[in-house]
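Reader: I've got the chain open on my screen and I'd like to talk through its charged pairs. Can you walk me through them?

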Amino acid sequence: MAQRAFSIKPSGVMGAAAVALLLFLTFGTLIAVALQSEGVARLSAADWAAVRFTLLQAFLSAVVSVALAIPVARGLARRQFWGRSLLITLLGAPFILPVVVAIIGLIAVFGRTGVLSDALAIFGLPPVQIYGLHGVVLAHVFFNLPLATRLFLQGWLSIPAERFRLAASLNFGPADMRRVLEYPMLRKVGPGAFMLIFLLCMTSFAVALTLGGGPKATTVELAIYQAFRFDFDLSKAALLAMVQFGLCAAIAIAAFWVTLPASMGVGLDRVTQRWDAMRTVSKISDGAFLSTAAVFLLLPLMMVVVRGAPTVLTLPGPVWASVGRSLIVAFASTVFLVVLALPIAIWSTTLKRRSVGAMVEGMGYLTIAASPLVIGTGLFIISFRYVNPASLALPVTILVNAAMSLPFALRSLVPSLLDIEQNYGRLSSSLGMSVWSKMRLVVLPRLKRPLGFSCGLSAALSMGDLGVIALFSDPSQGTLPLMIFRLMGAYRMDDAAGAALLLLLLSLSLFWLFDRGGRTNAAG
């Protein structure tokens with residue numbers, strides 16, 4: 001009997017090693033913090049307040065993001081207009097946008113000296129305040145509204161055009177259309193979108209660090225950072241890390257159970273025509289929601305460009321030194337991501353029992369439930385007795401960034417590998433191709449697109465990360481996002497804006513570079 005095309009022992013060994021590393025980063029660091037906190041620290045009233053605030057801000061952020069995304073996605077689904085494709089493309093930009101860049105843009109619009117406050121001053125009204133709960137929720141909506149919109153847009157586009165044609169022939173009104181076609185789709189897509197955004201907001205450290213931070217606006221991750229960085233209370237940091245991991249794991253499990261299949265039936269793939277969208281009221285409402293969403297998402301980015309352009313070429317030397325460190329982190333994280341993702345993806349798709357392969361693939365998603373600060377805290381507890389933590393700042397940041405990008409890479413690589421095996425597996429076996437010949441001639445050419453996208457996403461996210469580096473780094477060895485945060489803390493907003501523009505350009509360039517490289521002469 002011919003051997004399966006990808007039953008490759010080296011891939012199994014490397015895949016097992018990669019999974020073992022992930023288990024160490026998630027459960028190993030959790031055990032380390034558990035041992036450190038046993039019988040030493042207890043949650044204070046302020047810690048419980050941080051837990052409540054974490055859940056509250058994540059819940060409000062998810063509710064607002066989903067509630068606003070529904071009409072925006074509906075307008076995109078039933079309107080054709082100039083720039084529609086560009087707008088849909090731009091909806092993906094905030095996902096790879098560095099958090100500190102978005103924060104500076106939001107402050108430029110919604111801060112005390114921002115555009116909105118200047119407009120209110122014309123009418124004698126007081127300036128708006130962006131810091132606190134409402135600022136954290138605002139920033140989370142900025143990041144997650146595009147994600148929720150894309151999810152709901154896919155749901156609307158999954159409804160066969162024939163359903164709408166039949167509804168029109170039955171003289172369905174707008175209420176009937178919503179009840180029969182739209183509400184069932186929303187019930188399938190909505191819970192999964194809500195839980196995903198809820199989980200992302202639970203682990204958004206940089207937003208809370210820059211826009212929260214007061215006694216009433218402290219998240220669990222920010223409390224870990226404060227206990228670790230300012231008080232050096234390892235027991236308190238360890239206990240809070242356990243709480244954070246437990247909360248994220250519970251949300252991840254809940255997200256798995258509430259997510260329903262989103263299939264709305266089959267059709268003939270015709271272009272959807274919405275007769276219910278011809279009403280004047282529908283046109284006005286769709287136009288209003290789409291215009292508001294576009295302004296909300298694009299104006300902060302425009303303000304970053306406007307305010308950062310005059311100073312980007314005159315930035316001080318330490319900023320340019322931090323650029324070099326950020327580029328090292330981005331490229332090294334990307335390389336390490338490939339080292340992790342490819343063996344796990346290949347191993348999971350070549351096991352004889354698909355259920356076992358799915359379990360291996362599932363282990364690659366463990367970092368979804370883990371917070372970078374939890375992993376960083378655990379690594380510090382393990383290593384601080386033997387090594388100066390500052391010397392580990394960049395290596396640990398590289399490792400954690402690669403691990404946090406792994407779930408996105410696996411979601412891109414595994415389906416492609418399954419298609420490759422189905423289409424070319426028997427042929428490769430019949431030709432007696434060696435291990436490396438299969439990889440060079442069959443696998444890698446057909447993985448260029450998903451691998452390029454995964455590398456671009458990892459490089460952009462790593463370039464803009466402000467997480468573990470804030471725990472370990474000393475003031476002279478920070479990355480560009482950490483340098484921007486310190487410039488903001490020193491009220492050097494002009495330099496911070498210039499550095500933010502530089503970070504934006506570098507992040508987008510890295511994503512474009514890797515993604516375009518994956519599309520060049522890609523097979524399949």
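**Salt bridges and a nonpolar patch**

Author: Let's start with one pair: R411 and E361 bring their side chains together in a salt bridge, 3.6 Å from N to O. This is a predicted model, by the way. The bridge ties distant parts of the chain, R411 in helix α17 and E361 in helix α15, 50 residues apart.

Reader: Is E361 buried or exposed?

Author: Buried means under 20% relative accessible area. E361 has 9%, so it counts as buried. Its partner R411 sits at 52%, so that one counts as exposed. For E361, then, the answer is buried.

Reader: Which residue makes a polar contact with the side chain of E361?

Author: E361 lies in helix α15, residues 354–363. The contact is between side chains and spans 2.8 Å, and the partner is Y365.

Reader: How many salt bridges does a search of the whole structure find?

Author: Besides R411 with E361, D47 meets K236 at 3.2 Å, N to O. That pair links helix α2 to helix α12, 189 residues apart. There's also R492 with D495, with the closest N and O atoms 2.9 Å apart. The search of the whole structure comes to three.

Reader: Why does L68 count as partly exposed?

Author: L68 is in helix α2, residues 45–78, and it helps make a nonpolar surface patch of about 290 Å² with F59, V63 and V64. Partly exposed covers the range between under 20% and over 50%. L68 counts as partly exposed because its relative accessibility is 36%.

How values were computed:
Residues are numbered from 1 along each chain as its sequence is written. This is a predicted model: local features need pLDDT of at least 70, side-chain atom pairs count only at pLDDT 80 or more; totals for chains, interfaces and linings use all residues. Side-chain values use heavy atoms; hydrogens and water are left out. Patches are made of residues with over 30% relative accessible area and no salt bridge: like charges are joined within 9 Å, nonpolar side chains (Val, Leu, Ile, Met, Phe, Trp, Tyr) within 5 Å. Accessible areas come from the Shrake-Rupley method with a 1.4 Å probe; for residues, only the protein chains shown count as cover. A salt bridge is a side-chain nitrogen of Lys or Arg within 4 Å of a carboxyl oxygen of Asp or Glu. Helices (H or I, at least four residues) and strands (E, at least two) are DSSP runs, numbered from the N terminus. Buried means under 20% relative accessible area, exposed over 50%, partly exposed in between (1.4 Å probe, protein chains only). A polar contact is a pair of N or O atoms within 3.5 Å; within protein, one must be able to donate a hydrogen and the other to accept it, and residues adjacent in sequence count only if both atoms are side-chain atoms.
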